[in-house]
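Here is a short briefing on one protein chain. Look over the sequence and the structure first, then read on.

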Amino acid sequence: MAERMKWIEVIMPQLAESLVSATIGKWLKKPGDRVEQYEPICEVITDKVNAEIPSTVDGIMGDLLVEEGTTIAVGEAICRMQVAAADDEQVAEQVTQVSHQNNAQQGSVTPVGHDPNQPMRNRYSPAVQSLAAEHGLNLQAIQGTGAGGRITRKDVLAVIAQGGQTGIPAQPSSAVSPSASPFSGLNKSGAETGISAREAVSAPDAGVPVRHSGIHLTESPKIPQIEVEGGGQGRSEYFIDVTPVRNAIARNMRQSVSEIPHAWTMIEVDVTNLVMLRNKLKDEFKRKEGINLTYLSFMMKGVVNAIKDYPIMNSVWAVDKIIVKRDINLSMAVGTEDSVLTPVIKHADQRNIAGLAREIDDLARKTREGTLKLDHMQGGTFTVNNTGSFGSILSQPIINYPQAAILTFESIVKKPVVINDMIAVRSMANLCLSLDHRILDGVICGRFLQRVKENLEGYNMETKVY
């Protein structure tokens, strides 16, 4: 007896709360391809990072409803898939995370546990799915407090804090082979080979590592392709295609410059003692940690301590109010071949210099390898940029919208300076601050920069990094 099949539509999931759309970068599956659960079906490009959309069901890829390079809103259908329909309720429970029924052709199917008073009960965000998979939690057993009964990240964290006890027993499932799927009992023609669909959709063996349904990232961004206009030796120009990432950067920069009234100021800092301290510690730190002890980690510590004294620097504009953020999450500008991304060091005020150095190395490496997750890009409250790493001595940065300010640490240069009416050669560096003049004024920013200066010049040979 042939397996009954049904069609579903896969929709664009909301990858993060602040994202309302994404661009289809590349389809990884074509019509007719067999798709396993958790297997990526397409690459998408967002304002934050490049990501892969994983399938939440086993099936066969149908029509691709969106062409590559097309931007689509969250909740819109991107493709159709054919899935086993021998047990409509179990199939519907699996696909409800990223798909809805094609009511026009097949009619609606009510998922297991559906409550008309909680229409979002079985809609899970990628962050919730990833967190639950990491801790082995059954989402069906967690009570949602979000809109329409939806389970939020806070709900999952609360269960984790209680030791994973939900108070509701998890649904028992049959033990089957890890490779079991709704199609594992079918041959290419769709005939049965001895495994029923009900058995196949059971949970896999917990002892076997399985990719969870979180966002899986793509390879490192490629250098833009150059399209030469015309031919021959006499051409006077050539074209570079604008990639979706570059287009997102252009849009964000335009929004920042057009909406935020920028002002900027600069201060010169004597970092001679910092240079001597780093030279003293860097070799031992490299042997112990396996990473470089960079100037940026010292600079970030000085910035964090200054923000504690002037918390208004850690704020955003909200039209009728100014929102001051309690957490100090430092965004760090990292350049690749064709883009600049700003991964975030969460709770930077709770880290020592060594901890900041580890975070800087980890995020910079993941950015250049293209392995950043969306969570790495969320929640930044103040941005620091190390333009001195490529020799810049003076720059006017554009604010990382919607933050209130961005600070650049310029190149360290030896200069003759006057100290107590005597000339000495010192290691000097410029700090350049761009500010949102709706929130900040020259006085508060001047005092903030002075405090950063004091913190950096206050390093000495006895300063501890741990």
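The expected span of a helix is 1.5 Å times one less than its number of residues. Helix H6 (residues 244–259) has 16 residues, so the span should be 22 Å, and the end C-alpha atoms are indeed 22 Å apart. Keep in mind that this is a predicted model.

**Overall make-up**

- The chain holds 10 helices and 22 strands.
- Of its 466 residues, 43% count as buried.
- Among contacts with a separation of 6 or more, 65% are between residues 24 or more positions apart.

**Helix H6: one side in, one side out**

- The buried residues in H6 are Val245, Ala248, Ile249 and Ser256.
- These residues lie on the same side of H6, because they cover an arc of only 100° around the axis.
- Exposed residues Arg254 and Ser258 sit on the face of H6 turned away from its buried side.
- Strands contribute to the cover over the buried residues of H6, including E4 (40–45), E5 (50–54), E12 (262–270) and E17 (340–341).

**Nonpolar cores**

- The largest nonpolar core has 80 residues.
- Which of its members touch the most other members? They are Ile78, Phe382, Leu431, Leu433 and Phe448.
- Helix H8 (residues 295–309) supplies the largest share of this core, with 8 residues.
- A second core is separate and has 9 residues, among them Val128, Ile151, Val156 and Val159.
- Leu431 has a long contact list once residues up to four places away in sequence are set aside; it includes Thr265, Met266, Ile267 and Val269.
- Other residues touched by Leu431 include Met299, Leu407, Thr408 and Phe409, as well as Leu449, Val452 and Leu456.

**Thr381: a buried polar residue in a loop**

- Thr381 lies in the loop between helix H9 (353–369) and strand E19 (382–385).
- Is Thr381 buried or exposed? The cut-off for buried is under 20% relative accessible area. Thr381 has 5%, so it is buried.
- The Thr381 side chain makes a polar contact with the side chain of Asn314, at 2.6 Å.
- Not counting residues up to four places away in sequence, Thr381 touches Met313, Asn314, Lys325, Asp327, Ile328, Asn329, Ser331 and Gln403.

**Leu19: a buried loop residue**

- Leu19 lies in the loop between strand E1 (5–11) and strand E2 (21–27).
- Leu19 counts as buried because its relative accessibility is 6%.
- Leu19 and Ala73 are 54 residues apart along the chain, and their C-alpha atoms are separated by 9.1 Å.

**Salt bridges**

- How many salt bridges does a search of the whole structure find? The count is 16.
- One of them joins the side chains of Asp63 and Arg80, at 3.9 Å from N to O.
- Asp63 is in strand E6 (residues 59–64) and Arg80 is in strand E8 (residues 77–84), so this pair ties together parts 17 residues apart in sequence.
- The two partners differ in burial: Asp63 is partly exposed at 44% relative accessible area, whereas Arg80 is buried at 12%.
- Glu289 and Arg358 also meet through their side chains in a salt bridge, at 3.0 Å from N to O.
- That pair links distant parts of the chain, with Glu289 in helix H7 (residues 272–289) and Arg358 in helix H9, 69 residues apart.
- Glu289 counts as partly exposed at 24% relative accessibility, and Arg358 is partly exposed with a relative accessible area of 37%.
- Another salt bridge, between Glu454 and Arg451, has its closest N and O atoms 3.2 Å apart.
- Glu454 and Arg451 both lie in helix H10 (residues 442–457), 3 residues apart, or about one turn of the helix.
- Glu454 is partly exposed, with a relative accessible area of 46%; Arg451 counts as partly exposed at 23%.
- Asp362, Arg365, Lys366 and Glu369 form one network, joined by salt bridges that share partners.

Terms used: Residues are numbered from 1 along each chain as its sequence is written. This is a predicted model: local features need pLDDT of at least 70, side-chain atom pairs count only at pLDDT 80 or more; totals for chains, interfaces and linings use all residues. Side-chain values use heavy atoms; hydrogens and water are left out. A nonpolar core is a set of buried Ala, Val, Leu, Ile, Met, Phe, Trp, Tyr and Cys residues joined through side-chain atoms within 4.5 Å. Buried means under 20% relative accessible area, exposed over 50%, partly exposed in between (1.4 Å probe, protein chains only). Helices (H or I, at least four residues) and strands (E, at least two) are DSSP runs, numbered from the N terminus. Contact means heavy atoms within 4.5 Å. The arc is that of the directions from the helix axis to the C-beta atoms. A polar contact is a pair of N or O atoms within 3.5 Å; within protein, one must be able to donate a hydrogen and the other to accept it, and residues adjacent in sequence count only if both atoms are side-chain atoms. A salt bridge is a side-chain nitrogen of Lys or Arg within 4 Å of a carboxyl oxygen of Asp or Glu.
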